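Welcome! Please take a look at the structure shown here, and then read on for a short tour of its ligand site and some of its helices.

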Amino acid sequence: MKTLVLNAGSSSHKAALFDFAKGETALWRSQLDWTHQAGRVELTAQTADGRQHQAVLATEDKTTGLRWMLDTLVEGPVQVLSALNEIKAVGHRVVHGGRDYQQSIPITPAVKATIQQLFPLAPSHNPANLQGIEAMESILAAVPQVAVFDTAFHAQMPAAASTYPGPYEWVEQGIQRYGFHGVSHRYVAHRTAELMHCELSDLQLITCHLGNGCSLSAIRDGISVDTTMGFTPLDGLMMGSRSGSVDPGILFYLMRQDHCTPDELDTLLNKAAGLKGISGLSNDLRQVLEAAEQGSDRAQLAFDMFIHILRRQIGAMLGSLGRLDALVFTAGIGENSATVWQAACQNWEFLGLQLDPAKLQRSSTDQDIAAAESKVRVYVIHTQEEWAIAQDCLKILGA
Ligand code: ADP
């Protein structure tokens, strides 16, 4: 079954095509990016056999862009299909599924209505996700579509973990911890169980998704029982340009003292904080580390804070588990930075966690970097969110 996966964002779209007969390597991947040139979209595409394509089209219209992207599947240098009707399913990454969706689900008018109702909770994601769904419905009219929610994996968190200690009315208003990056946390948890030759239901894990956005999940018996992101993806860890958790009293102070508006606070905490805000340089950890090595105090502080908060939150996740079988790193930082693996693991020796110094190198394959005698395994796993979404389509729609 050939399945197309779409991750439609507000200014860029990513898509991948899988054929289950050929395994988890995408036959074709493509990206549309509207951020670099006003009124124009840049397309990049590549195939599993190494063909590449780049082009620019003068359009701001997302559906036109998607149509053009899908045309590259059937003609030109990255063609992999003879006709679009070979696509039997489309899986959509949808950021917010609210309290309604604990699992992936075929898209119906009712599902679309719920995604729309949730716009206020995910204003920069759900509208783009719905727009992507409607565009694909118009391009591939007869093909079943599936919504895969980033919140779904966390939807079974116990109420004590998902409820904020505000007034009880918040519960009725849906103001609660939802958690995000669920597709990634779920994928790496299953992959860890596979690598440990165990049932996921027998394991207790902490998964660390460390990319531009960062979050942790405490996973017991295959269920996310706690996570660091909350009502929005702003909560929890320090991130590339997001603050993570800060004392909410700071917001009242800025509103009263500097007359900051909600939009200004939103920009401050989402775009001008985190590694970028503290280092004054970049949201990219590689650049922050480079500057720290060259003697930048602010870059060093940004890195030290990133690690301090990561360790503190790993500690918080430990409190939601009864033991720790494995700590798992994934996403851009988690898959690549041996400096982060070492620093993040340093304080957990009392748990019997020991890294193997010989294994602290980037690898293109998933690896266990713990020492043989370590009582806690430590995995570096390459997250495969698109593949996980495609697999959900297969599960839901059948072969
Ligand atoms: P996103 O959350 O947007 O999907 P990624 O998971 O691709 O992002 O992560 C991107 C981030 O990963 C970059 O901003 C960079 O900070 C980090 N990163 C990538 N490679 C390395 C590396 N070798 N060392 C440290 N950080 C890295």
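Is the crossing of α10 and α11 left-handed or right-handed? The crossing of these two helices, α10 and α11, is left-handed. A crossing is called left-handed if the near helix is turned anticlockwise from the far one by less than a right angle, and right-handed if clockwise.

This is a predicted model, in which local features need pLDDT of at least 70 and side-chain atom pairs count only at pLDDT 80 or more, while totals for chains, interfaces and linings use all residues. Residues are numbered from 1 along each chain as its sequence is written, and side-chain values use heavy atoms, with hydrogens and water left out.

**Around the ligand**

- The residues around the ligand (those with a heavy atom within 4 Å of it) include G211, N212, D284, R286, G332, I333 and S337.
- By class, this shell has 3 nonpolar, 6 polar and 2 charged residues; Ala, Val, Leu, Ile, Met, Phe, Trp, Tyr, Cys and Pro count as nonpolar, Asp, Glu, Lys and Arg as charged, and the others, Gly among them, as polar.
- In the side chain of N212, an N or O atom is 3.0 Å from an oxygen atom of the ligand.
- A polar backbone atom of G332 is 2.9 Å from a ligand oxygen, and for a polar backbone atom of I333 the distance to a ligand oxygen is 3.3 Å.
- On its own the ligand has 580 Å² of accessible area (Shrake-Rupley method, 1.4 Å probe), and the protein covers 72% of it.
- Two elements, α10 (285-293) and α12 (331-336), give two or more residues to the shell; helices here are DSSP runs (H or I, at least four residues), numbered from the N terminus.
- The largest share of the shell, 4 residues, comes from α12.

**How helices pack**

- Two packed helices are described by the angle between their axes and the distance between the axes.
- Axes are lines fitted to C-alpha atoms, for helices over the stretch in contact, and angles run from 0 to 180 degrees between N-to-C directions.
- The axes of α10 and α11 (residues 297-318) come within 7 Å and cross at roughly 125 degrees, which makes α10 oblique to α11. Angles under 35 degrees count as roughly parallel, over 145 as roughly antiparallel, 65 to 115 as roughly perpendicular and the rest as oblique.
- Helix α2 (residues 109-117) packs with α3 (residues 126-139) at about 155 degrees, with axes 9 Å apart, so α2 is roughly antiparallel to α3.

**The ends of α7**

- At the N-terminal end of α7 (residues 248-257), D247 acts as a cap, with a side-chain oxygen 2.7 Å from the backbone nitrogen of G249.
- H259, which follows α7, has a positive phi, near 55 degrees.

Definitions and conventions
A polar contact is a pair of N or O atoms within 3.5 Å; within protein, one must be able to donate a hydrogen and the other to accept it, and residues adjacent in sequence count only if both atoms are side-chain atoms.
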